[in-house]
Structures are given as C-alpha cells and as structure tokens.
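Student: I have a protein model open in front of me and I am not sure how to read it. Could you take me through some features, one by one?

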Amino acid sequence: MATLKGSESHFAAAKQRLCKSNIVFKLTESQITGQTFSRGTQLPGGLLQERDTRAKWQGIPSLLQKLYESSHPNSDLSSAHGLLKVLSSQLSMEAMSFVTEDRKTAQESTFPNTHTFDLFGGVHLLVEILMRPTLTMQKKKPKMNDDLVKDCLSVLYNCCICTEGVTRVLAARDDFVLFLFTLMTNKKTFLQTATLIEDILGVKKEMIHLESVPNLSGLVQSFDQQQLANFCRILSVTISEPDLCNDDKHTLLAKNAQQKRTSSPSRAEVNQVTLLNIPGFIERLCKLATRKVSEATGANFLQELEEWYTWLDNALVLDALMQMATEEAEQSSTGKKDHGSVLRRRETPPTENIVTFFSPESSDESSLATSPLRHRLPPSMKIVHEIMYKVEVLYVLCVLLMGRQRNQVHRMLAEFRLIPGLNNLFDKLIWRKFTVSNHVVHGQNENCDCSPEISFKIQFLRLLQSFSDHHENKYLLLNSQELNELSAISMKANIPEVEALVNTDRSLVCDGKKGLLTRLLTVMKREPPDSSFRFWQARAVESFLRGTTSYADQMFLLKRGLLEHILFCIIDSGCTSRDVLQSYFDLLGELMKFNIDAFKRFNKYVNTPEKFQTFLTQINSSLVDSNMLVRCIVLSLDRFQSQTEDVKVVEVLSECCLLSYMARMENRLAFLFRLVNIINVQTLTQENVSCLNTSLVILMLARRKAKLPFYLNALREKEYAEKYPGCLLNNFRNLLRFWQCHYLNKDKDSTCLENSSCIPFSYWKETVSVLLGSDRTSLCAIASYIDEPFMDLDRDLLDD
C-alpha cells in the first residue's frame with residue numbers, strides 16, 4: 001500500500017513538472033493569474049531545449065534561464081558570473097567577426113548568437129543585474145564584484161555593436177544611462193563604462209543633462225588625467241549642438257524659425273555652463289593639451305605610426321593595451337581579469353600579427369605577463385596614445401570657445417597658458433618635420449575617419465581659429481619680439497597701436513624664437529597644393545586678421561611672404577579643391593583690405609595678362625567662394641579713391657590691374673547681378689549669406705555717390721534682356737526683407753558687418769530701408785523698378 005502511495009506521489013510530482021514545462025499550461029496559468037510572459041526565458045525549458053538544435057540557438061536560451069535563476073536578489077552572483085563568462089565567450093566571437101568584416105552595419109552582417117541573447121531578454125537581464133545595488137533600501141549599498149561588472153558591460157557593448165536597436169533601447173532608459181556614470185568612479189571598470197556610455201549617448205534622441213549626473217563635479221575631480229582625457233569623448237557628445245542631417249534645416253530661414261520657437265538656451269549650452277562650473281576643469285584640460293611626451297626615435301618611426309593608426313580606433317583601445325602591457329604588478333595581485341569587450345578596429349597591423357581582442361579564456365594575468373603583446377607594442381604607441389588624448393581635449397576646448405561663455409573660457413585659457421604650451425609642442429609633436437604619406441584630402445567635416453595624426457592637426461587648427469576669431473587674445477599667438485615688431489610697424493606708419501595689442505599681458509604670450517602664428521605660416525608654405533591642411537591653416541590665419549582691420553597685423557604677415565604664397569596657390573599651383581580655394585580667397589581679402597602696400601605687391605606678382613586672367617577665372621568659377629575677396633576689392637577701391645592726395649595711392653590706383661578692373665562700372669554691375677542671382681531666401685545658409693552682404697556693400701557705396709538709381713535701373717534692364725522681368729528685383733526684395741529679420745535681432749552679426757566693412761551698421765539698416773521703400777516714386781526704392789504686374793512675386797514664400 002505504501003508502495004502504491006509512493007508511486008502515486010511520484011506520478012503526481014512528475015505530472016506537475018510536466019505541466020509546468022508545458023506551453024499550454026503556461027498560457028492557461030498566465031490567463032488565470034494575469035502574469036503574462038515578459039521574457040523569452042519564461043518559456044518551458046523542455047520547449048527551449050527541443051527548439052534549440054533546429055533554431056541553432058547554441059544553448060543560449062537555456063543558459064539565460066540559469067543565469068536568471070542564479071541572479072535573484074539574495075544570491076551572491078558567483079554562479080551567475082560563471083554562466084555569464086560562458087555566454088560572453090560565444091558573443092565575443094561575433095564581435096570579433098564584426099571587427100574583421102570592416103565594421104559592417106548590423107543589416108549587412110548576421111550575428112545569430114547576439115541576436116538570440118537579446119531576443120530572450122539577455123540585455124535587460126544584465127541591466128537588472130548591474131542596477132541591483134541601487135534597488136536596496138539599505139544606506140550602505142552592496143558592492144558588486146568588479147570583474148562581474150566588467151563582464152556585464154563588455155557583453156552589453158558587444159550586443160550594441162552587433163545587434164541593431166540594442167543601443168537605442170539602452171539609450172531610452174535614462175535611469176540606466178545616469179547609473180553608468182556612477183560606475184566610472186571605479187578605475188577598474190572605467191574603460192568598459194566609458195566605451196558603452198559613448199555609444200549610447202551617440203544615438204540618444206535627447207541630449208542628456210549633465211547636471212542630472214549624480215555628483216558630476218566630484219566624479220570629474222576624482223578622475224586622473226588619463227580618465228579625464230577619455231571622459232572628453234563623452235563630453236563632446238553632450239556639449240555639441242546636434243548635427244542636422246537635412247540640408248534644408250541648415251538654411252538661415254529654418255534656423256531663425258527654430259530660434260523663435262525655442263528662446264531658452266539649448267541643452268548643449270546648459271551642459272557647457274555645468275562643465276565650466278566644475279572647479280579646476282579647464283585648468284586640467286589645459287595641462288592635458290600641453291603636456292609633453294618623449295619623442296620616438298629611429299628611421300621606422302613614421303612607418304610604425306602609419307601602420308598602427310590603421311588598426312587603432314580610439315584612446316580607449318590604446319588605454320586597454322597600454323594598461324595590459326605595463327601594469328603586470330597590478331594584474332598579478334588582482335587575480336583573473338576579463339577583457340571581453342572587443343578592441344575596435346578594422347584591420348590588423350601589416351607588420352605584426354597582433355590579436356585585436358581578448359576573450360575571457362585568454363585573459364588571465366599569467367598569460368598576459370608572458371604574452372608577446374607587450375613586446376610587440378612599438379615605441380611610437382606612446383605618442384599615438386598622447387595624440388589621441390589631445391584630440392579629444394582640444395575638441396572640447398574648441399566647442400567651449402565657440403559657446404555663449406566664450407569670454408569666460410578665453411580668460412581661463414589665457415590664464416592657464418594654453419597657447420604658449422601648444423607653441424612649445426608645435427615642432428616636437430603637433431607638426432613634426434616629416435610629411436605623412438598618402439593621406440587623402442579631407443573637406444571641412446571634422447568628423448572624418450582619418451589617422452590620429454591628421455585628426456590632431458585639424459583639431460589644433462580649429463582651436464586656433466576659434467581662439468583668434470574676433471578676440472583681443474589673438475596676440476597671445478605671438479612672442480614678445482613679434483609684439484614689438486607690430487608696435488614698430490605702427491610707429492613707422494604713424495598710426496596708433498591697436499588697443500588690444502597695448503593691453504596684451506606679455507607674461508602670457510608665446511616663448512621661444514617664434515610665436516605660434518609664425519610657426520603656422522612656416523608649415524603652411526610647405527603643404528602640397530591640395531592638402532586638406534591648407535583649408536584649416538588658411539582659416540586659422542584668417543581668423544587672426546578678422547574684425548577691425550589692422551594695418552600692422554597685415555604688414556606683419558605681408559613681410560613673411562603670405563600674399564605671394566596665396567597667389568601662387570590660386571594661380572600657379574594647380575589647386576582644384578574648392579574648399580582650399582575658398583579659404584585662400586577669404587584670407588587674401590582680409591590681408592589686402594584697405595592696404596595699399598598689399599595691392600602693390602599683388603600687382604608685382606600678377607605681372608602678366610595671362611596671370612591676371614587666370615586669377616579672374618578662379619574668382620568667377622565660384623562667386624560663393626570668392627565674394628568676400630570681391631567685397632574687399634570694392635571697399636578698398638572706394639577708400640583709395642578718396643585718398644587722391646597721397647602720391648603712393650594714386651600711383652597704385654593707376655598701375656594695379658585689379659583696382660583698374662574693379663573701377664569699371666560694367667564689372668561691378670556684372671558682379672552685382674550674379675551675386676543677387678545665385679541666392680534666394682530659401683537657399684540662404686551661413687556659407688552663402690555673404691553674397692547678400694557683398695551685394696549690399698556695392699549698393700551702399702553707390703548710394704554714397706548718389707548712383708544707386710543707376711545700379712537699380714541696370715538690374716531692371718538686365719531682367720528684361722534675360723526675358724524674366726521682375727524675377728531678379730523681387731528676389732532681391734525678399735532677400736532684403738529676410739536681412740532685416742535676421743540681422744536686426746543679432747548683435748554679433750551686426751558688429752561683424754560693421755567692423756569688417758568700416759561702414760556704420762546704421763548706414764546698413766538705412767540703406768536696406770530705402771531699398772525696401774514702398775513709395776514707387778522714389779528712385780532709390782526697388783519697387784520703382786518693378787512693373788505693377790510683376791510686383792511681389794513669391795512674397796508668400798517668405799511670409800511662410
């Protein structure tokens with residue numbers, strides 16, 4: 001009887017287990033209790049095992065079931081960690097495949113293991129495990145094992161790069177994103193955390209509020225210099241205005257509309273203020289940007305550098321390798337480590353067969369200590385390491401320099417001697433005396449995928465451009481002797497010194513025989529004609545000249561042969577890059593504006609009709625690119641014509657082919673017609689709005705000489721000759737209406753217009769009002785030259 005009862009009990013238990021593993025029972029139970037399936041691992045184990053072979057799940061669902069069961073809140077997570085290591089080894093192989101397949105997108109490659117892991121709730125489970133300490137009510141939060149945290153982060157990162165949508169899912173969880181920042185306090189988990197945060201913030205729809213990060217100030221102050229440099233990669237995402245992919249949104253019309261809708265500061269601007277309020281933050285960035293590194297020696301240095309940059313992707317990768325290669329003592333004292341996250345790069349060095357990722361099985365410290373890796377790291381790696389740090393730091397400083405707190409940032413950068421520090425690094429690190437071979441021509445996109453060396457140089461030049469642009473601190477780019485030279489130029493010309501020069505603190509300027517600006521001019525002349533650096537070099541030098549025109553600044557550069565160099569590049573070098581040519585036209589305009597000596601030098605270089613025709617051809621090939629130079633010539637001609645008592649001016653006016661060309665009315669009218677015709681309100685951008693302002697300069701100068709009606713009538717005749725009456729003048733009226741909306745509400749832009757043209761902004765406003773006058777009897781109103789049937793064509797487009 002007892003035996004019968006025992007068998008019945010055994011049968012009942014078996015039946016109960018069968019029911020629990022039955023999908024129908026599970027569904028019925030969920031209907032009764034109301035607790036539906038929330039993850040794939042809640043499916044019966046028998047069903048998962050049965051489907052595993054056919055679906056090629058590689059046992060991942062079953063492992064996730066065990067991981068879930070062994071990671072309950074009261075467990076010590078030791079067995080969970082073992083299961084995670086098994087899962088990690090399967091996923092890391094796919095991550096390695098992602099790297100070796102030239103980083104194809106998730107759509108182009110298939111990663112079944114990672115997909116299965118995510119499908120059955122693995123990603124959400126790891127997030128729960130990581131955040132478990134935050135759920136306790138205890139004052140003292142339980143501390144998780146560092147290796148477990150690192151493995152969780154590594155697996156999550158591998159899922160992000162291999163499975164589409166995982167990064168966005170993580171980014172949507174604000175609580176998890178903020179939690180990740182707290183993990184950065186632990187140096188052992190810093191690299192994995194920083195890598196994951198960087199990817200998550202890169203896809204996050206809304207920019208994170210840095211002030212929401214728990215104890216951000218304390219976190220940043222706890223970082224060592226290495227961590228702070230890597231943290232700059234994350235900061236760059238949080239302080240930069242989001243890039244607008246649609247070109248239509250780049251138009252000034254769209255930007256103005258956006259500003260009307262959102263008058264409050266953007267999140268990026270708020271984040272910039274948050275960073276500036278962290279004690280010592282800018283000072284530490286300046287120290288990072290200017291610290292020296294030991295120079296590599298040997299004939300193979302350049303070759304090593306070129307080979308390594310094709311493999312290494314970012315400073316986080318370099319940190320992992322450097323740490324593994326140099327911290328054996330720490331490794332041996334902490335037991336096993338897991339470097340499961342992939343070190344991202346598209347190809348291995350051609351001269352070294354180095355494994356580009358580390359799986360849990362091969363990452364114990366004894367194997368690392370004897371690994372050939374640490375013997376294969378080339379000497380140049382330390383320099384690449386430092387270069388990539390500086391790229392991130394310079395980017396953050398550059399963004400802050402362009403923000404609303406620009407003056408505050410300028411004061412700090414001057415106080416902490418950023419410019420003298422960069423000057424001391426120029427020859428030894430920034431622009432060493434060799435040419436990087438076979439680098440491609442890069443346009444204006446600073447986010448291009450290029451070597452650390454190229455990125456560093458471009459970021460350095462962008463920083464100089466931002467630092468010098470319309471700011472009196474630009475004279476910190478010179479040394480004391482060069483400042484004295486500027487004073488001597490002013491004295492010889494019998495003109496007062498610029499106030500900013502007089503107020504420059506000599507203790508903060510560059511040291512050595514040459515200042516940073518002079519060093520830049522030297523390397524600028526050595527660049528190949530179509531080098532991508534030429535664009536940024538010209539922009540940096542032009543920013544030194546921008547603002548109120550300074551004769552001494554111009555002569556300083558003219559004496560160093562800059563004008564002849566620019567003309568060679570435009571006329572004789574065969575340069576075809578539109579970006580480079582535009583930057584040289586803009587620089588030439590600032591260099592020559594109102595300077596009679598510059599026009600004399602121009603005439604000496606352009607000494608044949610063939611050269612002059614080539615120069616004109618380059619100007620006319622793209623007026624959007626060259627219109628700032630046209631504006632300079634028109635303004636300079638107007639001033640020189642009022643200085644006929646000066647013999648030197650009269651001589652240059654009569655001899656200079658460029659001034660003679662612009663003095664002819666038909667040529668100025670031709671430029672005016674083209675400038676008005678190549679733009680309209682819907683296509684105005686920050687790049688081409690200068691065409692509108694140049695056309696206004698031509699008409700303002702005509703108005704001064706009471707010739708405005710003649711110019712307007714000429715435009716009307718041109719319309720009828722081209723058989724589209726009203727189109728040109730109506731387009732111009734719409735542009736001027738937009739000009740009023742745009743410039744009358746922006747102090748900075750109006751100041752720039754006044755300083756660059758030496759025409760009071762009040763005269764700009766007055767001229768626009770006269771041109772837009774509604775009185776059709778006024779000879780200075782555009783309306784007088786448009787026949788009634790053609791009035792206000794396309795006016796509704798502007799009103800919209």
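Student: Where is the place of Ser550?

Tutor: Helices (H or I, at least four residues) and strands (E, at least two) are DSSP runs, numbered from the N terminus. Ser550 sits in the loop between α29 (532-545) and α30. This is a predicted model, where local features need pLDDT of at least 70, side-chain atom pairs count only at pLDDT 80 or more, and totals for chains, interfaces and linings use all residues. Residues are numbered from 1 along each chain as its sequence is written, and side-chain values use heavy atoms, with hydrogens and water left out.

Student: Is Ser550 buried or exposed?

Tutor: Buried means under 20% relative accessible area, exposed over 50%, partly exposed in between (1.4 Å probe, protein chains only). Ser550 has 7% relative accessibility, so it counts as buried. Not counting residues up to four places away in sequence, Ser550 touches Tyr475 and Val498; contact means heavy atoms within 4.5 Å.

Student: What is Thr114 in contact with, leaving aside its neighbours within four places in sequence?

Tutor: Thr114 belongs to helix α6 (residues 112-119) and is buried, at a relative accessible area of 1%. With those neighbours left aside, its contacts are Leu91, Glu94, Asn158, Cys159, Cys162 and Thr163. Ser92 is 22 residues from Thr114 in sequence, and their C-alpha atoms are 9.0 Å apart in space.

Student: Which residues are buried in helix α43?

Tutor: Here is the general idea: an α-helix has 3.6 residues a turn, so residues three or four places apart point the same way. In α43 (residues 761-771), the buried ones are Phe761, Tyr763, Trp764, Thr767, Val768 and Leu771. Down the axis of α43, these buried residues fall within an arc of 155° (taken from the directions from the helix axis to the C-beta atoms), so they line one face of the helix.

Student: Which elements have the lowest and the highest mean pLDDT?

Tutor: The pLDDT is the predictor's confidence in each residue, from 0 to 100. Its mean over the protein is 80, and 74% of the residues reach 70 or more. Among the elements, helix α20 (residues 365-369) has the lowest mean, 37, and α30 the highest, 98. Over residues 331-375 the pLDDT is below 50, and beyond near neighbours in sequence this stretch has 113 contacts in the model. Residues 102-109 also have a pLDDT below 50, with eleven such contacts. Where pLDDT is low, the predicted coordinates should not be read in detail.
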